[in-house]
Structure formats: structure tokens, C-alpha cells
Amino acid sequence: MIAMKGTPAVKGFTIVVAGKGGTGKTLVSSLLVREQRKHGAVLAIDADPDANLPETLGVLAERTVGQAREKVLDYKTRRNETSTITAEQQFEQHLMESIVEEEEFDLLVMGRSEGEGCYCAVNHILRGIIDTQALNYPTVVIDSEAGLEHISRRTARDVDVMLVVTDASARGLNTARRVAELATELRVDFGRLLVLVNKITEQTQKIVEQHAEEAGLELVGFLPFDQQVVENDALGRPIWDLPDDQPVVRAAREVFSKLDAIREEKLVAVSQGAKGSPPSRG
Ligand SMILES: Nc1ncnc2c1ncn2[C@@H]1O[C@H](COP(=O)(O)OP(=O)(O)OP(=O)(O)O)[C@@H](O)[C@H]1O
Ligand SMILES: [Mg+2]
């Protein structure tokens, strides 16, 4: 088990960051890690096979969960059935080795797993991690791969907030709308589905507001296009290099403060005894 960090009021408040490619999911995920530390340690999970959350958080992830699974498969093939350590115990051990531990956050990179049925398996593991390990942290932030597949694979069921990132483009908003539709269709329980518009400029904000309203999407807020983000990226600098008063950081702090109310609601629900009984999905 991952050691319990602090004594959180709410356990495993889980935010999944989704959306169209290149809209800023990884930036938003790293800003979430940065800003949600105020509630205690954050578990950051990079669920994009093309993982770049580690660089954005300025850490090196040498092992992935996908590799851990392969090691266990390998072990199963090589060892005979009389072994005293089960494959699950082996996997748990490798999983623990995959965690990058920092002072205020831990990071797990899902990676990809080669071989048969690999994708489903990694997704299955991710669900398991959300269900169990997540409870050791006040907050879990999951940076997902672009598009809708992970939602149809139901990787991200029963999370507290599905934060869909879009840019001002009509296509970005379309993806956001499809995420919402798919969630309803598949009866995936996202506590809340919120749309965050990134890379906004004075000219585009009004247009997006209108489009979102027409599409019936709830906008949680806007992050400005910030030249410093582009420069930071070009230089390979982590999120921590941006000062607290950087426009994009300030805007993120304001937007994310709206998540505190949702966290509060969860706390009330848990203390009223709803704990451990997920909503029925018919
Ligand atoms: N607010 C912003 N201002 C300026 N540039 C930004 C902003 N947000 C993101 N970018 C830039 O846009 C690009 C894509 O951002 P990011 O990698 O976070 O998107 P993503 O949705 O995670 O992409 P992918 O789908 O490839 O994982 C990066 O080059 C990043 O620096
Ligand atoms: Mg990304």
C-alpha cells in the first residue's frame, strides 16, 4: 500500500481531465496537481500512453504500470504453480515500484502494455487503482489520452469531476459535447461534468460562451492563452517554474476553487452515510 499522506477530510476526490488532442489536458492536469496540494498530497496518474505529465511535473518516471503487468505475465510463464507468491502480490509489488514519490505528490504512469488484450488489462488496472489506491490521497488527478475511447472503455467511471478541456475551436467544443453525450449513453457516473476553455483570448471568449450555451455545456471557466506557457514548453521547463501570479496560474487557481464546493458536497454526502455505496446504475 501507498502510505497514507496526512489525514484528509475527503478521500480520493478524483478529477479526470479529458478532451480533444492538444487542447491543454496535460497543462491543466499539472496545474491541478500544483493547486490541489492545498488539500494534501495528490496522486497524479498519467493515463495517456504517450505520457508527458512527468516532464510537465518535472519528474522522471522510469517504470510504468504497463511494464509492471508485463513483468508479472513473464513471471507467470516462467514459474510453476507451486510458488508461494501470487501473481497479484507480484503485481502489487511492481506497482509500488512504479510510483514516483515526491514531497507533495506521487505520480503513476500507466504507459502501454505490449501483447494480447493489453489495453483492456491496463484499463482494468487503472480502475482498480482508482478504487483502492486513490483512497490514500485527498485528491487524484488523471491526465487522459485525447478523444473519447477511454470513456467508451469506461476507464473513468465513478469519478467526482470529469473536467473536459477545450480550446476555442468548434471542434474542441464538439468533443466536449460528445463526452457529455457518451457519458449519458453509457451511464457513466461522473459526479460532475465541467468544461474548461483553455488558450482563450479576448476575441474568442464571447464566441465560445455562446457556442457552449447552445450545446448545453456547463463552463467552469477560462484559462488565458499565455505566451510563458509556450516558452516554458519550448525550454522543457516544469509547471513549478511559472510564478504564482502568472496569468494562467492565477486563472487556474480561481477556476479550481470552484471544485472546492464539489469536494464539500462529497464530504457531506460521505458523512451522511453514503460512503462506499456508489449510485446505482440500473
Ligand atoms: N494556456 C495556454 N497558453 C499557451 N499555450 C498553451 C496553453 N495551454 C496549452 N498550451 C500549449 O499547447 C500545447 C498542448 O498542450 P498540452 O500538451 O497540455 O495539451 P494536451 O491536450 O495534453 O495534448 P495531447 O492531446 O497531445 O496530450 C503545448 O505546446 C502547450 O504548451
Ligand atoms: Mg497531454
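Here are some questions and answers about this predicted model.

Reader: Which residues come nearest to ligand 1?
Author: Happy to start there. The shell around ligand 1 has seven nonpolar, six polar and five charged residues. Helix 1 (25-36), strand 7 (190-200) and helix 9 (227-234) each give two or more residues to that shell. Of the 18 residues around the ligand, those that come nearest are Gly-21, Gly-24, Lys-25, Thr-26 and Leu-27.

Reader: Which strands stand at the edges of the open sheet?
Author: Good one to trace by eye. The protein comes to ten helices and eight strands. The open sheet has eight strands with mixed pairing, in the order 3-4-2-5-1-6-7-8. An edge strand has a single partner, so one side of it is left without a neighbour in the sheet, and this holds for strand 3 (100-101) and strand 8 (219-224).

Reader: What is the bridge partner of Ile-45 in strand 5?
Author: Let's follow the pairing. Strand 2 covers residues 42-46 and strand 5 covers residues 139-143, and the two pair in the parallel sense over five bridges. Within strand 5, the partner of Ile-45 is Ile-142.

Reader: At about what angle does helix 1 run to strand 5?
Author: Two helices are worth viewing here. Helix 7 (residues 170-185) packs on the sheet, touching strands 1, 6 and 7, and its direction makes about 155° with that of strand 6. Helix 1 lies across strands 1, 2, 4, 5, 6 and 7, and its angle to strand 5 is about 170°.

Reader: What percentage of the residues count as buried?
Author: Buried here needs 20 or more other C-beta atoms within 10 Å of a residue's own. Of the protein's 282 residues, the share that counts as buried is 39%.

Definitions and conventions
Residues numbered from 1 in each chain as written. Chains lettered and ligands numbered in written order. Predicted model: local features only at pLDDT ≥ 70, side-chain atom pairs only at ≥ 80, totals over all residues. Near = placed C-beta within 6 Å. Helix = DSSP H or I, 4+ residues; strand = E, 2+ residues; numbered from the N terminus. Nonpolar A, V, L, I, M, F, W, Y, C, P; charged D, E, K, R; others polar. Pairing = 2+ DSSP bridges. Contact = placed C-beta atoms within 7 Å. Axes fitted to C-alpha atoms, helices over the stretch in contact; angles between N-to-C directions. Buried ≥ 20, exposed ≤ 12 C-beta atoms within 10 Å, placed from the backbone.
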